[in-house]
Amino acid sequence: MKVYNLACPSDHRFEGWFASEADCLAQQDKGILACPICDSTVITRMPSAPHIAKSSSTELAIVQPESPHLSGDAVALTGQDHSQLEAQIQSAFLKGMRELMGRSEDVGKAFAEEARKIHYKEAPERSIRGQTTVDEAESLRDEGIEVLAVPMIPAFKNTLQ
């Protein structure tokens with residue numbers, strides 16, 4: 001089993017698991033290897049190294065930029081800690097999106113119309129989701145209707161893992 005660190009031109013980074021290097025290259029050549037965030041099929045293998053336990057570890061420092069509102073503190077994370085934190089953040093995000101999708105009704109392109117019906121008590125109150133234009137979402141906000149824009153990431157079209 002080969003595990004590769006991959007990225008698309010938008011710098012979305014993700015892991016790919018393949019039976020072999022040939023399998024990875026074949027999927028790439030056929031255009032079926034795609035970014036789970038933006039669906040781009042232009043994928044690059046990123047440098048990676050196997051995790052080898054050793055007594056000391058290299059640290060990655062995340063430093064906040066200088067700003068009148070920021071203190072400039074730094075947080076030091078080991079490479080392994082950084083990977084674990086990234087995995088925890090991704091897991092929490094996907095869990096939240098699963099919950100949001102599970103607790104709302106998909107009304108598709110009728111989103112703006114249905115949101116207005118709910119707001120003006122012409123339809124039962126419930127959580128809905130769907131598609132609308134940026135202008136229509138702004139119009140809903142102007143009417144006092146709370147709207148949260150969530151980009152439709154290709155991974156959400158299928159089962160969230």
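Okay, let's start with the sheet: three strands, open, in the order β2-β1-β3, with antiparallel pairing. Keep in mind that this is a predicted model. At the edges we have β2, residues 13-18, and β3, residues 44-46, and each of those pairs on one side only. Going from one strand to the next, the twist averages 50°.

Now zoom in on β1, which covers residues 2-7. With β3, strand β1 pairs in the antiparallel sense, over 3 bridges. If you want one to find on screen, look at A7: its bridge partner in β3 is T44.

Next up, the aromatic rings. How many aromatic pairs does the count come to? Just 1. To describe a pair like that, you give the distance of the centres and the angle of the planes. Here the two rings belong to Y4 and F18, sitting 5.9 Å centre to centre with 40° between the planes, and that makes the pair tilted. What I like is where the two residues come from: Y4 is in strand β1 and F18 is in strand β2, 14 residues apart, so the pair links distant parts of the chain.

So, are these two buried or exposed? Y4 has 9% relative accessibility, and because the cut-off for buried is under 20%, Y4 counts as buried. F18 comes in at 3%, so F18 is buried too.

One last thing about Y4. Which residue has its charged end over the ring of Y4? That's R45, and its charged end is 3.9 Å from the ring centre. So when you open the model, click on Y4 and look for its aromatic partner F18 and for R45 over the ring.

Technical notes: Residues are numbered from 1 along each chain as its sequence is written. This is a predicted model: local features need pLDDT of at least 70, side-chain atom pairs count only at pLDDT 80 or more; totals for chains, interfaces and linings use all residues. Side-chain values use heavy atoms; hydrogens and water are left out. Two strands pair if DSSP finds at least two bridges between them. Helices (H or I, at least four residues) and strands (E, at least two) are DSSP runs, numbered from the N terminus. Axes are lines fitted to C-alpha atoms, for helices over the stretch in contact, and angles run from 0 to 180 degrees between N-to-C directions. Rings of Phe, Tyr and Trp (its six-membered ring) pair if their centres lie within 6.5 Å; planes under 30 degrees apart count as stacked, over 60 as edge-to-face and the rest as tilted. Buried means under 20% relative accessible area, exposed over 50%, partly exposed in between (1.4 Å probe, protein chains only). A charge sits over a ring if NZ of Lys or CZ of Arg is within 6 Å of the ring centre and within 35 degrees of the ring normal.
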